[in-house]
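Work through the exercises below with the sequence and the model open side by side. Each task is followed by a solution that proceeds step by step.

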Amino acid sequence: MFEFTSENLAEFQKILQRYSIKRAALLPALWLVQKQTGFISREAMLYVAGLLDVAPAKVYEVVTFYTMFHQKPVGEYHIQVCRTLSCQLLGSPSITEHLKKRLGIGLGEITTDGRFSLVEVECLGSCGTGPMFQVNDEYHENLTIEKVDKILEELK
Ligand code: FES
């Protein structure tokens, strides 16, 4: 069963004060869940729905819509490769294939040591500098196979 820690519950109460209606706090509440556990489980979705008096389906809808919310644990370094048109035309498929080979995992998987996970996502708003990916909160742009290898080495 999921519950906020006492520290995060206090933080949640502070967040609530910013909004005139409870359900408006849904996104920051979900961020707080992800900060606490690294992902948002079904139990956590139910918990947040209860706190905000919204239907669990609404919470599920939001969590599954935004790729920044993880529904299962991710690696210490979560790599999100943009697969949308500009990046695709600039070579994102070969970047993804290279990452799969180098990391020994498929899309949606996590390395056995828990260090890396890999997914493809839609446009990350950096279309002029593709192909690109995001590792946790950091963008890496104008990628080449050599650049990808260098980034992976630095993260090891
Ligand atoms: S198409 Fe890749 S960032 Fe927009």
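**Exercise 1.** Leaving aside its neighbours within four places in sequence, which residues is serine 92 in contact with?

*Solution.* The model is a predicted one, and the steps below should be read with that in mind. Begin by placing serine 92, which belongs to helix α6, residues 92–103. Next, list its contacts beyond four places in sequence, which are Val81, Cys82, Arg83, Cys87 and Pro131. Then consider accessibility: serine 92 counts as buried because its relative accessibility is 2%, and the cut-off for that class is under 20%. Finally, follow one of these contacts, Pro131, to the loop between β3 (116–121) and β4 (133–135), where proline 131 lies. The peptide bond that leads from glycine 130 into proline 131 is cis, with omega near -5°. As background, most peptide bonds are trans.

**Exercise 2.** Establish how many disulfides the structure holds, and decide whether cysteine 82 and cysteine 87 are buried or exposed.

*Solution.* A disulfide is a covalent bond between the sulfur atoms of two cysteines. The count for this structure is zero disulfides. Cysteine 82 has a relative accessible area of 3% and is therefore buried, and cysteine 87, at 3% relative accessibility, likewise counts as buried. Both of these cysteines appear among the contacts of serine 92 found in the previous exercise.

**Exercise 3.** Identify the buried residues of helix α3, state what covers them, and relate the helix to the largest nonpolar core.

*Solution.* In helix α3, which spans residues 42–52, the buried residues are Ala44, Met45, Tyr47, Val48, Ala49 and Leu52. When reading that list, recall that an α-helix has 3.6 residues a turn, so residues three or four places apart point the same way. The cover over the buried residues of α3 includes α1 (6–16), α2 (26–37) and α4 (56–65). Turning to the largest nonpolar core, one finds 23 residues, of which Leu30, Ile40, Val48, Leu52 and Val59 touch the most other members. Two or more residues of this core come from each of α1, α2, α3 and α4, and the largest share, six residues, is that of α3. Leucine 52 shows what such a member meets: apart from neighbours within four places in sequence, leucine 52 is in contact with Phe12, Leu16, Lys22, Arg23, Ala25, Leu26 and Ala29. Another core lies apart from this one and has 16 residues, among them Leu99, Phe116, Phe133 and Val135.

**Exercise 4.** Which backbone angle calls for comment at aspartate 53 and at asparagine 136, and how accessible are these two residues?

*Solution.* Most residues other than glycine have a negative phi. Aspartate 53, although not a glycine, has a positive phi of about 55°; this residue follows α3 and is found in the loop between α3 and α4. Its relative accessible area is 58%, so aspartate 53 is exposed, the cut-off for that class being over 50%. Asparagine 136 is not a glycine either, and its phi is positive, at about 50°. Asparagine 136 lies in the loop between β4 and β5 (138–140), and it counts as partly exposed because its relative accessibility is 31%.

**Exercise 5.** Describe the largest pocket and the second largest pocket by volume and by lining.

*Solution.* The largest pocket has a volume of about 350 Å³. Its lining comprises 20 residues, and those nearest the centre are Phe69, His70, Gln71, His78 and Val119. At least two lining residues come from each of α4, β1 (77–82), β2 (109–110) and β3, with β3 giving the largest share, five residues. By class, the lining of the largest pocket divides into nine nonpolar, eight polar and three charged residues.

The second largest pocket holds about 240 Å³ of space. Of the 13 residues that line the second largest pocket, Gln34, Met68, His70, Asn136 and Asp137 are the closest to its centre. Here α2 and β1 each supply at least two lining residues, and the lining divides into three nonpolar, eight polar and two charged residues.

**Exercise 6.** Where does serine 117 lie, and what does it touch beyond four places in sequence?

*Solution.* Serine 117 lies in strand β3. With a relative accessible area of 3%, serine 117 is buried. Not counting residues up to four places away in sequence, serine 117 touches Val74, Gly75, Tyr77, His78, Ile79, Ile105, Glu109 and Ile110. To set serine 117 against a distant part of the chain, take arginine 23, which is 94 residues apart from it in sequence: their C-alpha atoms are separated by 31 Å.

Technical notes:
Residues are numbered from 1 along each chain as its sequence is written. This is a predicted model: local features need pLDDT of at least 70, side-chain atom pairs count only at pLDDT 80 or more; totals for chains, interfaces and linings use all residues. Side-chain values use heavy atoms; hydrogens and water are left out. Buried means under 20% relative accessible area, exposed over 50%, partly exposed in between (1.4 Å probe, protein chains only). Contact means heavy atoms within 4.5 Å. On a 1 Å grid over the protein atoms alone, a cavity is a set of points where a 1.4 Å probe fits but cannot get out, and a pocket is an open set with protein on both sides within 12 Å along at least five of seven lines; lining residues have an atom within 4 Å of a point. Grid points are joined across faces, edges and corners, and a volume is the space filled by probe spheres set on the points. Ala, Val, Leu, Ile, Met, Phe, Trp, Tyr, Cys and Pro count as nonpolar, Asp, Glu, Lys and Arg as charged, and the others, Gly among them, as polar. A disulfide is a pair of cysteine sulfur atoms within 2.5 Å. A nonpolar core is a set of buried Ala, Val, Leu, Ile, Met, Phe, Trp, Tyr and Cys residues joined through side-chain atoms within 4.5 Å.
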